[in-house]
Amino acid sequence: RVVFVYGCYSMPSNIIDLFIANWSDLIWISLLFILSIIFVLIDRPWFGKQPFSLALPSDYKIPVIPWTIFIYNSWYPILIFTVALLAIFDNPVYHHFMLAYVIGCLACYIIFIFFQNEVPRSGELKGDGLAQSLLRLTRKVNRPYNGFPSIHIFACTMTILAVQTSTLPLGSKLFIWVSQLGIAISTLTTRQHVLLDVAGGIFMASLAWILTL
């Protein structure tokens, strides 16, 4: 095990030893990949109903900033990285996070199926730069149906809640806080979500976290 001593982590000299020592906890991170597969499978219209829109007039005033798609797509690697840190350095918080994340995510999926909204992909994308191309690809892969509540925001909020209560070093906490804030903003500047999606994601994460305390 990795132990916390006088504000610093005493780490094994070999990174492989670090993972071997914590493999029984790290293996549960595979649940996040399974949930991602489920997300892709349900990202389509259900029951032949026309999805409704939650876009507010203020949503259309937010500018489309193509380069923020790089921040938007960083959410999953940072999520896995953060969860791995918690599994190794703060086991109780890790288990709380995994339980809350799985339960909250499944609740979001139920909402996607029975109360489905469609995110308006407004804002013309001009140019053929790398950012524009990646944004077009992201919109093609990530269809606009699983909008409310935003899984990006759900994950960001859940990550911040976990890190806030963990024993991770301050530097790690600051990096994760800043990155999650940037990702949250990017959901709007890429028009992948609307403001109410953001509110829904924060609410679902907070509710799942509190109910699993």
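Contact here means heavy atoms within 4.5 Å. Keep that cut-off in mind as you click through this structure, which is a predicted model.

**Stop 1: Ile151**

Start by selecting Ile151, which sits in helix H8. Its relative accessibility is 7%, so Ile151 counts as buried. Now show its surroundings: setting aside residues within four places in sequence, Ile151 is in contact with Phe39, Trp75, Cys105, Cys108, Tyr109 and Phe112. Draw a distance from its C-alpha to that of Cys108 and you should get 7.7 Å, for two residues 43 apart along the chain.

**Stop 2: Phe154**

Stay in helix H8 and move on to Phe154. Buried or exposed? Phe154 is buried, because its relative accessibility is 0%. Leaving out residues up to four places away in sequence, Phe154 touches Ala100, Tyr101, Gly104, Cys105, Cys108, Gly201, Met204 and Ala205. For another distance label, try Ser206: its C-alpha lies 8.5 Å from that of Phe154, with the two positions 52 residues apart in sequence terms.

**Stop 3: the two cysteines**

Cys105 and Cys108 turned up in the contacts of Ile151 and again in those of Phe154, so select the pair. How many disulfides does the structure hold? The count is 0. Why is Cys105 not bonded to Cys108? The sulfur of Cys105 is 6.0 Å from that of Cys108, its closest cysteine sulfur, and that is too far for a bond, because a disulfide needs the two sulfur atoms within 2.5 Å. From the other end, Cys108 is in no disulfide either, and its nearest cysteine sulfur is that of Cys105. Check the accessibility while you are here: Cys105 is buried at 1%, and Cys108 is buried at 0%.

**Stop 4: the largest pocket**

Next, bring up the pocket surface. The largest pocket has a volume of about 550 Å³. Its lining comprises 31 residues, and for a view of the middle, select Phe39, Val40, Trp75, Asn142 and His152, which lie nearest the centre. Colour the lining by residue class and you get 19 nonpolar, 9 polar and 3 charged residues.

Which helices each supply at least two residues of that lining? They are H3 (30-42), H5 (75-89), H6 (91-114), H7 (130-141) and H8 (151-165). H3 gives the most, with 5 residues.

**Stop 5: the loop between H7 and H8**

Select Asn146, in the loop between H7 and H8. With a relative accessible area of 5%, Asn146 is buried. Its side chain reaches the backbone oxygen of Phe39 at 3.3 Å. Beyond its neighbours within four places in sequence, Asn146 is in contact with Phe39, Ile42, Asp43, Phe112, Gln116 and His193.

Slide along to Pro149, in the loop between H7 and H8. Look at the peptide bond joining Phe148 to Pro149: it is cis, with omega at about -5°.

**Stop 6: Asn117**

Phe148 also leads you to the next selection. Its backbone nitrogen lies 2.8 Å from a polar atom of the side chain of Asn117. Asn117 itself is in the loop between H6 and H7, and it counts as buried at 2% relative accessibility. Show what surrounds Asn117 and, neighbours within four places in sequence aside, you will find Pro51, Phe52, Leu54, Pro144, Tyr145, Gly147, Phe148 and Asp197.

**Stop 7: Arg191**

Jump to Arg191, in the loop between helix H9 (170-189) and helix H10 (195-211). Check its backbone angles: phi is positive, about 60°, although Arg191 is not a glycine. At 9% relative accessibility, Arg191 counts as buried.

**Stop 8: Trp23**

Finish with Trp23, in helix H2 (residues 23-26). Is this tryptophan, Trp23, buried or exposed? Trp23 counts as exposed, at 55% relative accessibility, because the cut-off for exposed is over 50%. For a last distance, pick Ala87: Trp23 and Ala87 are 64 residues apart in sequence, and their C-alpha atoms are 9.2 Å apart in space.

Conventions
Residues are numbered from 1 along each chain as its sequence is written. This is a predicted model: local features need pLDDT of at least 70, side-chain atom pairs count only at pLDDT 80 or more; totals for chains, interfaces and linings use all residues. Side-chain values use heavy atoms; hydrogens and water are left out. Buried means under 20% relative accessible area, exposed over 50%, partly exposed in between (1.4 Å probe, protein chains only). On a 1 Å grid over the protein atoms alone, a cavity is a set of points where a 1.4 Å probe fits but cannot get out, and a pocket is an open set with protein on both sides within 12 Å along at least five of seven lines; lining residues have an atom within 4 Å of a point. Grid points are joined across faces, edges and corners, and a volume is the space filled by probe spheres set on the points. Helices (H or I, at least four residues) and strands (E, at least two) are DSSP runs, numbered from the N terminus. Ala, Val, Leu, Ile, Met, Phe, Trp, Tyr, Cys and Pro count as nonpolar, Asp, Glu, Lys and Arg as charged, and the others, Gly among them, as polar. A polar contact is a pair of N or O atoms within 3.5 Å; within protein, one must be able to donate a hydrogen and the other to accept it, and residues adjacent in sequence count only if both atoms are side-chain atoms.
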